[in-house]
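Welcome, and thanks for taking a look at this one. Please keep the structure open beside you while you read the briefing.

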Number of protein chains: 2
Amino acid sequence: MELTARRRKILRAIVEHYIETAEPVGSKAIAKLAGLECSSATIRNDMAALEKMGYLEQPHTSAGRIPSSKGYRIYVNELMEHHKLSIQETERMNESLQLKMRELDRVIDQAGKLVSQFTNYPAFALAEGREQVTIVRYDLLMVNQTSFICVAMTSTNVVKNKLFHLPTDITEPQLQLLNALLNTSFTGKTLAQFSTDLMETARKAAGSSYGLISLVVSFAMDVLQDSEHSAVHTAGARHLLEHPEYQDVEKAHKLMSYLAQDDLGSLFPDSGDGTRVLIGPENVAEELKDTSVVLASYDIGEGMRGVIGVVGPTRMDYAKITAKLSYMADNLSKLFGGSAQLPERAQPKGLKAPEEHSQKEEE
Amino acid sequence: MELTARRRKILRAIVEHYIETAEPVGSKAIAKLAGLECSSATIRNDMAALEKMGYLEQPHTSAGRIPSSKGYRIYVNELMEHHKLSIQETERMNESLQLKMRELDRVIDQAGKLVSQFTNYPAFALAEGREQVTIVRYDLLMVNQTSFICVAMTSTNVVKNKLFHLPTDITEPQLQLLNALLNTSFTGKTLAQFSTDLMETARKAAGSSYGLISLVVSFAMDVLQDSEHSAVHTAGARHLLEHPEYQDVEKAHKLMSYLAQDDLGSLFPDSGDGTRVLIGPENVAEELKDTSVVLASYDIGEGMRGVIGVVGPTRMDYAKITAKLSYMADNLSKLFGGSAQLPERAQPKGLKAPEEHSQKEEE
DNA sequence: ACTTAGCACTTAGGATAGCTGAGTGCTAAA
DNA sequence: TTTAGCACTCAGCTATCCTAAGTGCTAAGT
């Protein structure tokens with residue numbers, strides 16, 4: 001049975017009406033809508049056909065129809081008109097992205113919060129491809145005889161540091177030797193490339209400073225591990241309660257608990273550029289079988305990609321959400337500027353900086 | 001009307017029974033309880049008296065009694081028996097605190113999450129007294145002609161850094177001059193002490209490097225600001241839904257939204273050492289008038305204190321919660337070890353470190 | 001062959017009434 | 001002062017009815 005133009009129109013109208021009202025849609029309501037010049041009886045026939053084809057469902061005999069996940073799918077793929085964001089919306093989003101930002105993790109966390117805030121759905125944010133990160137530079141700074149700071153800069157231009165306290169004294173020359181050794185042997189290696197072999201080589205070169213070097217290397221590995229550990233940041237789970245499908249506390253609680261786990265990162269397939277929609281049973285996780293997920297990804301640079309997304313009932317305003325997410329993702333891409341450097345507000349506040357030095361800065 | 005021993009016993013029994021079951025407690029249920037050798041009629045009389053005194057309330061004529069906030073108060077102050085944590089509980093908590101920890105903010109965040117996890121209530125964590133933090137040391141590291149890293153160490157031994165990119169070239173001597181200037185003029189100052197006067201002095205001393213210095217100073221101020229900005233970390237709001245008093249979605253959502261704001265820090269009075277309980281209307285915030293808050297604070301060192309706490313219905317297991325919180329706070333105190341240094345797992349994982357250097361380390 | 005009007009049929013969910021049982025307050029006796 | 005007994009109250013459960021929205025089908029119209 002082919003999908004006539006009218007039936008497509010009807011299906012679209014039903015989906016949009018249902019998205020708005022959350023109530024099963026009857027034939028009369030559709031008939032009254034502009035653009036459709038036929039009676040409710042005609043609509044009824046078409047609705048019956050659409051149901052037979054699997055695009056609609058009927059909660060019970062005497063109720064209207066609601067879209068099935070197949071119905072939502074065709075809506076998203078073919079029927080949906082792309083939403084244009086209003087100027088206010090884009091302005092609000094732009095403003096929020098002007099925030100003072102520092103570490104990669106904080107940016108990602110913040111991105112999740114903003115997405116949730118702008119969509120009124122629970123949101124999550126994560127970064128992928130972190131296994132490629134290496135350390136490109138070490139600096140050791142002497143603090144006093146028994147302590148020093150190690151500063152390590154990663155290939156993503158993130159700089160991390162750590163203060164070390166030692167039980168024995170160290171000297172400046174010792175530290176310099178160590179520094180040189182680190183920079184020659186332990187740069188440009190991914191976490192996977194740190195091996196016992198590497199340590200053997202280092203042991204020979206370092207001699208008596210071996211203990212020291214293993215401390216620092218262990219820190220370096222922590223930095224990489226930290227960077228690799230792609231935690232998922234979730235935010236705004238409470239927004240679930242705003243939607244009628246989660247008036248059931250039990251249901252809401254289940255989903256919230258699921259979202260609170262932190263190993264959901266693997267669940268969402270990489271969406272390339274642009275947005276992706278996973279409707280109900282298209283989700284692999286059992287817990288998400290009757291929810292939808294909308295994803296967008298953006299370029300962080302240095303082989304890494306960020307992913308932002310929202311979770312909600314299948315009855316979701318896909319048009320609006322995809323528009324918002326993709327706008328957000330675009331801006332995040334711009335924010336990262338292709339060079340893996342995190343932009344930051346340049347002007348010092350409180351004291352004024354001379355013009356000629358106001359500049360992009362990173363941490 | 002004085003509070004006889006029996007009435008105290010009855011009150012305590014009612015509170016504990018209600019805490020457990022969340023249902024109004026009747027005279028018969030109490031009479032059956034061990035330790036009370038009298039009939040339900042006697043209990044009824046006493047209950048009526050306790051109600052008149054304001055310790056109990058009656059939801060409606062033919063129901064049992066529930067404790068009023070005054071009732072909870074006297075329970076917490078005088079009647080409650082202090083809960084002893086089981087070995088499993090303390091072990092679980094100890095284990096969780098062994099986590100690899102880095103920055104102060106992360107520790108605090110993590111503390112909040114753990115508290116929520118162990119109590120099954122929404123929890124929050126924050127740090128107080130951050131206005132006293134100063135920068136004790138600067139190091140500038142040249143990366144190339146147009147960029148350098150600034151490393152700043154605070155009085156709380158937190159080390160922060162930032163990568164600067166400049167539009168013009170700089171030289172090593174320039175950087176060293178700058179470095180010296182920073183360390184003489186801009187150390188030991190709280191954020192409030194950074195002033196335009198200070199900048200004037202610096203301008204004279206720095207000469208042509210003034211632009212540069214203002215960039216770095218602005219970073220230093222950001223660090224202090226960041227440190228001062230005592231964000232409240234909240235976690236586990238979803239746990240509200242587990243309690244019968246929040247089966248009402250509207251109510252749960254309201255409270256969750258309130259907890260999601262980030263300016264609740266000021267709401268909770270400093271509790272000195274030990275724990276503090278705020279019952280229902282004792283809370284200043286309108287939104288918390290029918291919830292209780294349990295707080296514990298711990299020493300971070302350097303004039304800072306951390307606060308952890310949970311929020312929940314007034315019907316809360318105060319004995320258990322205060323026990324858990326105070327145990328947690330004690331351990332956090334120990335963790336910070338009085339010297340404002342964040343301990344961290346000493347053993348590198350993957351590569352073994354020699355014994356003689358395994359040591360406390362901080363960032 | 002498609003569309004439409006009419007009509008009988010279905011059913012969720014709201015309103016109403018009645019019932020039950022837990023719990024109370026009061027009285028009077030121990 | 002305590003206790004037994006008893007009449008009274010009332011939330012909340014159950015059963016029943018009713019309504020309104022929506023359907024599917026049939027038959028007539030285009």
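Let's begin with the interior: the largest nonpolar core has 93 residues, and the members that touch the most others are B:Phe186, B:Ile213, B:Ile308 and B:Tyr318. The biggest contribution to this core comes from helix H9 of chain B (residues 210-228), which supplies 11 residues. Please bear in mind that this is a predicted model.

**The cores**

- Apart from that core lies another one of 92 residues, including A:Leu50, A:Leu56, A:Ile66 and A:Phe164.
- Back in the 93-residue core, B:Ile308 is a good residue to click on: leaving aside residues up to four places away in sequence, B:Ile308 touches B:Ala111, B:Val115, B:Phe124, B:Ala125, B:Val294, B:Leu295, B:Ala296, B:Tyr298, B:Leu325, B:Met328, B:Ala329 and B:Leu332.
- In soluble globular proteins, nonpolar side chains tend to be buried together.

**Chain A as a whole**

- Chain A holds 11 helices and 11 strands.
- Of the 363 residues in chain A, 54% are buried.
- Among contacts in chain A with a separation of 6 or more, 60% link residues 24 or more positions apart.
- The exposed area of chain A comes to about 15,600 Å², with 48% of it supplied by carbon and sulfur atoms.

**A five-stranded sheet in chain A**

- An open sheet of 5 strands in chain A follows the order E7-E3-E10-E9-E8, with antiparallel pairing.
- Strands E7 (233-235) and E8 (275-278) of chain A each have a single partner strand, so one side of each is left without a neighbour in the sheet.
- On average, and ignoring direction, neighbouring strands of this sheet are turned by 20 degrees against each other.
- At the E8 edge, 4 bridges connect E8(A) with the antiparallel strand E9 of chain A (residues 291-301).
- A:Leu278 has A:Val293 of E9(A) opposite it.

**Helices on that sheet**

- Helix H6 of chain A (residues 104-119) packs on the sheet, where it touches E3 (123-128), E7, E9 and E10 (304-313) of chain A.
- The direction of H6 makes about 150 degrees with that of E3(A).
- Helix H11 of chain A (residues 318-336) lies across E8, E9 and E10 of chain A, and runs at about 15 degrees to E9(A).

**Helix H10 of chain B**

- With 12 residues (249-260), H10 of chain B reaches 16 Å from its first C-alpha to its last, close to the 16 Å expected at 1.5 Å a residue.
- The buried residues in H10(B) are B:Val249, B:Ala252, B:His253, B:Leu255, B:Met256, B:Tyr258 and B:Leu259.
- These buried residues pack against helix H10 (249-260) of chain A, together with strands E7 (233-235), E9 (291-301) and E10 (304-313) of chain B.

**Individual residues worth a look**

- B:Ala22 has a positive phi, near 65 degrees, in a residue other than glycine, and is found in the loop between helices H1 (5-21) and H2 (27-32) of chain B.
- B:Asn120 also has a positive phi, near 60 degrees, and is found in the loop between helix H6 (104-119) and strand E3 (123-128) of chain B.
- With a relative accessibility of 35%, B:Asn120 counts as partly exposed.
- A:Asn179 lies in helix H7 of chain A (residues 172-185) and is buried, with a relative accessible area of 16%.
- Not counting residues up to four places away in sequence, A:Asn179 touches A:Tyr138, A:Asp139 and A:Leu140.

How values were computed:
Residues numbered from 1 in each chain as written. Chains lettered and ligands numbered in written order. Predicted model: local features only at pLDDT ≥ 70, side-chain atom pairs only at ≥ 80, totals over all residues. Heavy atoms only, no water. Helix = DSSP H or I, 4+ residues; strand = E, 2+ residues; numbered from the N terminus. Buried < 20%, exposed > 50% of the residue type's maximum accessible area, 1.4 Å probe, protein only. Contact = heavy atoms within 4.5 Å. Areas by Shrake-Rupley, 256 points an atom, 1.4 Å probe, with all protein chains shown as cover. Core = buried A, V, L, I, M, F, W, Y, C linked by side-chain atoms within 4.5 Å. Pairing = 2+ DSSP bridges. Axes fitted to C-alpha atoms, helices over the stretch in contact; angles between N-to-C directions. Expected span 1.5 Å × (residues − 1).
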